Amino acid sequence: MVMKKGNDQKQNAEKRKNRMTALLMALILCVGMVSGTNKEVRAQSASQNSETQTASESDVTTENTANIAENTTKSAVTVTHYEYTTEEVKESIQGIFEWAKSLTNADELIDKTFLEGADTSLNDWFAFAAARSGYKEDYKSYRKAMETAIAKKYGTKKEKLGKATEYQRAALVIAALGGDPQAVSDMAGEKTINLIADGTYNRGKTEPLDTQGTNALIWALIALDSGDYEVPEDAYQSREEILAELLKAQESDGGFSLSAGSGQTDVDITAMALTALAPYYEENSEAKAAADLALSWISEHQESDGGFCSSMDTGTESSESCAQVLTALCSLGIDPQSDSRFIKNGNTVLDNLMSFRQEDGGFVHAYVYDASNPASIPDESDFLAGGQAAYALTAFCRYKNNMKNLFNLRPEKASLLSKNGSAMPVMVIAVVIAVIAVAVVLMLKRRNKKE
């Protein structure tokens, strides 16, 4: 009887050991799955993009370039709906910045070459997107390079900076990088330059704010509403007057055009106008009515594959048009993945935007030759497209994570990307699983000692 009892104890101990070993193996497998799932998604995406590139290359030949220029559809790519998670989208954002670094074989995004482009539209928006995504970089050096370039342009005459949107872009980027656009240093080192005032409510002192077109009104509002900037009583124009001008510029069909009253409504301009109207949607009935009309216009002009054609881009479906619409919807708190108004044949604007992603991590402007943008190559990642995709995808993730919207630059503690640019939740899960695995090992050792 004693021998039988001893044998039973041995067998039970062996069973417990086998169960614990199996549990440990399962945990190790989970760790592998967590780290490998996103790699598999990227591999599938790369394979799909490789196929679309081949199709694009066959389309753009010497014989049919003229025919492509006349074509007003994207062609070449079949968009398939996929329910992207925020973690997958974050990886795409990270991929854009890694692609940009690869262009100069740099270890950092903001290197010497990048700094040389400070205060240009291409680099400024790229830096803005990186900062708003939480990507860790030396933004202070870029901000200083911007301020130096701005001070040189100002000289002794403020109007030398250029178009109204140049002031507005600079104000947004400097604020996103941690600076104060109301107190930029001049050549003497004195903080006398106020980009908010000179680019928005006091612009009319040199020329009408809308001289450049509707987009100057749009970006004036976006800049003013990006922070807690007071409009002084003696301002040439009030915030309310700028808003009223934008509402007046709306075309009869509900869209917006670059030149108010021209009737040449445009997806990009309409989407930007919606982004500008977003802060007023809940409290201003006129702004809400205008936004609702514009949303209907956007819905009506969405293509069957979820994408958009900009009339300014000769009707070619482009990633930038998708980026502007995605940003607008997220700014208004509209879920682009579930709102039926913006889903066509099961495809969302996010699906379409992601279809422009390339194997190298960048984004193309369009998959066919675009006469209005001859510098972009149909099968090669484009810097402008990448920058706009980055900030649109950031707008999406910020919306999904209940963070401040893309152009709300007021302080917040949360950040989308971790210190090394990877998605934090995946790392947290892996660490938790690893801790549990260690605990299991320790339990096994203690049991073995007792037995």
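Ser296 is located in helix α12, which spans residues 285-300. In this predicted model, Ser296 has a relative accessibility of 36% and therefore counts as partly exposed. The C-alpha atoms of Ser296 and Asp253 lie 9.5 Å apart in space, although 43 residues separate the two in sequence.

The protein as a whole contains 16 helices and two strands. Of its 451 residues, 52% are buried. Among contacts with a separation of 6 or more, 69% involve residues 24 or more positions apart. The exposed surface amounts to about 21500 Å², of which carbon and sulfur atoms supply 52%.

In soluble globular proteins, nonpolar side chains tend to be buried together. The largest nonpolar core of this model comprises 110 residues, and Leu195 and Leu393 touch the most other members. Helix α15 (residues 383-400) gives the most to this core, contributing 10 residues.

A second serine, Ser226, is found in the loop that runs between α9 (214-224) and α10 (239-248). Its relative accessibility is 2%, so Ser226 counts as buried. The side chain of Ser226 reaches the backbone oxygen of Ala223 at a distance of 2.7 Å. When residues up to four places away in sequence are left out, Ser226 touches Leu172, Phe407, Asn408, Leu409 and Arg410.

A search of the whole structure yields 13 salt bridges. One of them joins the side chains of Lys101 and Glu98, with an N to O distance of 3.4 Å. Both residues belong to helix α3 (residues 86-102), where Lys101 and Glu98 are three residues apart, or about one turn of the helix. Lys101 counts as buried because its relative accessibility is 12%, under the 20% limit. Glu98, with a relative accessible area of 34%, is partly exposed.

Glu166 and Lys153 form a further salt bridge through their side chains, at 3.9 Å from N to O. This pair links distant parts of the chain, with Glu166 in helix α7 (residues 164-176) and Lys153 in helix α6 (residues 139-154), 13 residues apart. Glu166 is partly exposed, at a relative accessible area of 21%, and Lys153 is also partly exposed, at 29%.

The side chains of Glu207 and Arg203 meet at 2.8 Å, N to O, in another salt bridge. Glu207 is partly exposed, with 31% relative accessible area, whereas Arg203 counts as buried at 5% relative accessibility. Elsewhere, Asp119, Asp124, Lys153, Glu166 and Arg169 are joined into one network by salt bridges that share partners.

Conventions. Residues numbered from 1 in each chain as written. Predicted model: local features only at pLDDT ≥ 70, side-chain atom pairs only at ≥ 80, totals over all residues. Heavy atoms only, no water. Helix = DSSP H or I, 4+ residues; strand = E, 2+ residues; numbered from the N terminus. Buried < 20%, exposed > 50% of the residue type's maximum accessible area, 1.4 Å probe, protein only. Contact = heavy atoms within 4.5 Å. Areas by Shrake-Rupley, 256 points an atom, 1.4 Å probe, with all protein chains shown as cover. Polar contact = N/O pair within 3.5 Å; in protein donor to acceptor, adjacent residues only side chain to side chain. Core = buried A, V, L, I, M, F, W, Y, C linked by side-chain atoms within 4.5 Å. Salt bridge = Lys/Arg side-chain N within 4 Å of Asp/Glu carboxyl O.
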